[in-house]
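Could you walk me through the charged pairs in this model and the way its helices pack? A short tour with a table would be welcome.

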Amino acid sequence: MSASPSPSATAASGQEAPLAGSPADRAVAALQTALDAEHAAVYGYGVAGAHLAGAKQKAAARDWAAHEAARDTLAAMIIALGAQPVAAAAAYQLPFPVHGERSAVMLAALLEDRVATAYLGLVALSEARLRMAGARALQSAALRATSWRGAALAFPGLEPPSPGPVLAGQGTTRPGPSTPGPSTPARSTPAPSTPAPSTSGG
């Protein structure tokens with residue numbers, strides 16, 4: 001959500017507001033899209049990590065921390081451009097039930113696919129600094145997805161992953177204090193809880 005001042009407020013302050021569709025507006029929109037994906041990834045790793053153990057749980061904790069750091073960086077970049085960072089949803093709808101290691105690993109790979117896609121908007125910007133930041137973030141997400149999936153996509157960020165994205169703002173999963181596991185670094189805000197338990201296998 002943009003926090004650009006209204007024309008009247010801008011005139012009163014003597015500042016010139018960016019034109020609609022200006023490079024600044026496009027940069028904010030691309031950053032917000034990436035930030036929204038990072039919010040969903042932080043949430044999703046809280047779910048996935050709770051169903052993993054050992055090395056996989058440690059990997060989930062590491063990737064979760066990476067997404068938290070990326071989230072904070074994007075928020076700071078948006079604020080620097082004079083806009084208000086999009087807030088995380090209270091909960092996110094998962095693309096499939098997660099009840100065990102197999103489905104947790106699938107979710108982690110899918111989260112990274114969606115993050116890679118979200119950063120394409122930054123790669124398309126005219127400012128070299130933002131393009132480079134987007135390219136590096138896309139590459140990192142693609143490498144994490146490959147690690148979880150065990151195979152690389154030919155065109156990371158461009159190939160539509162199956163079974164679909166984690167949908168922002170359409171949550172049915174209940175939020176609560178959960179983390180990817182005991183090995184996870186402490187965080188300032190609690191991660192959401194896992195979906196209600198089920199007897200079906202993952």
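What follows looks at salt bridges and then at one pair of packed helices.

Please keep in mind that this is a predicted model. The salt bridges in it number six, and three of them are described here.

| Salt bridge | N to O distance |
|---|---|
| Glu101 and Lys56 | 3.7 Å |
| Glu112 and Arg144 | 2.9 Å |
| Arg149 and Asp113 | 2.2 Å |

Let us take the pairs in turn. Glu101 and Lys56 join their side chains in a salt bridge at 3.7 Å, N to O. This pair ties together distant parts of the chain, since Glu101 sits in helix 4 (residues 101-118) and Lys56 in helix 3 (residues 54-80), 45 residues apart. How accessible is Glu101? Its relative accessibility is 42%, so Glu101 counts as partly exposed. Lys56 has a relative accessibility of 35%, and therefore counts as partly exposed.

Next comes the bridge between the side chains of Glu112 and Arg144, with 2.9 Å from N to O. Here too the link spans distant parts of the chain: Glu112 belongs to helix 4 and Arg144 to helix 6 (residues 128-149), with their positions 32 residues apart. Are Glu112 and Arg144 buried or exposed? Glu112 is buried, and Arg144 is buried as well.

The pair of Arg149 and Asp113 has an N to O distance of 2.2 Å. Arg149 lies in helix 6 and Asp113 in helix 4, 36 residues apart, so this is again a link between distant parts of the chain. For Asp113 the relative accessible area is 6%; because buried means under 20%, Asp113 is buried. Arg149, at 33% relative accessibility, counts as partly exposed.

Now for the helix packing. At what angle do the axes of helix 3 and helix 6 cross? They cross at roughly 165° and come within 12 Å. Angles over 145 degrees count as roughly antiparallel, and helix 3 and helix 6 are therefore roughly antiparallel to each other. Their crossing is left-handed.

Which residues make this contact? From helix 3 come Lys56, Ala59, Ala60, Asp63, Ala66, His67 and Met77, and they meet Arg129, Leu130, Arg144 and Trp148 of helix 6. By character, the residues of the contact of helix 3 with helix 6 are six nonpolar, one polar and four charged.

Two residues of this contact, Lys56 and Arg144, have already appeared above: Lys56 pairs with Glu101 in a salt bridge, and Arg144 pairs with Glu112.

Methods: Residues numbered from 1 in each chain as written. Predicted model: local features only at pLDDT ≥ 70, side-chain atom pairs only at ≥ 80, totals over all residues. Heavy atoms only, no water. Salt bridge = Lys/Arg side-chain N within 4 Å of Asp/Glu carboxyl O. Helix = DSSP H or I, 4+ residues; strand = E, 2+ residues; numbered from the N terminus. Buried < 20%, exposed > 50% of the residue type's maximum accessible area, 1.4 Å probe, protein only. Axes fitted to C-alpha atoms, helices over the stretch in contact; angles between N-to-C directions. Parallel < 35°, antiparallel > 145°, perpendicular 65-115°, else oblique. Left-handed = near helix turned anticlockwise from the far one by under 90°. Contact = heavy atoms within 4.5 Å. Nonpolar A, V, L, I, M, F, W, Y, C, P; charged D, E, K, R; others polar.
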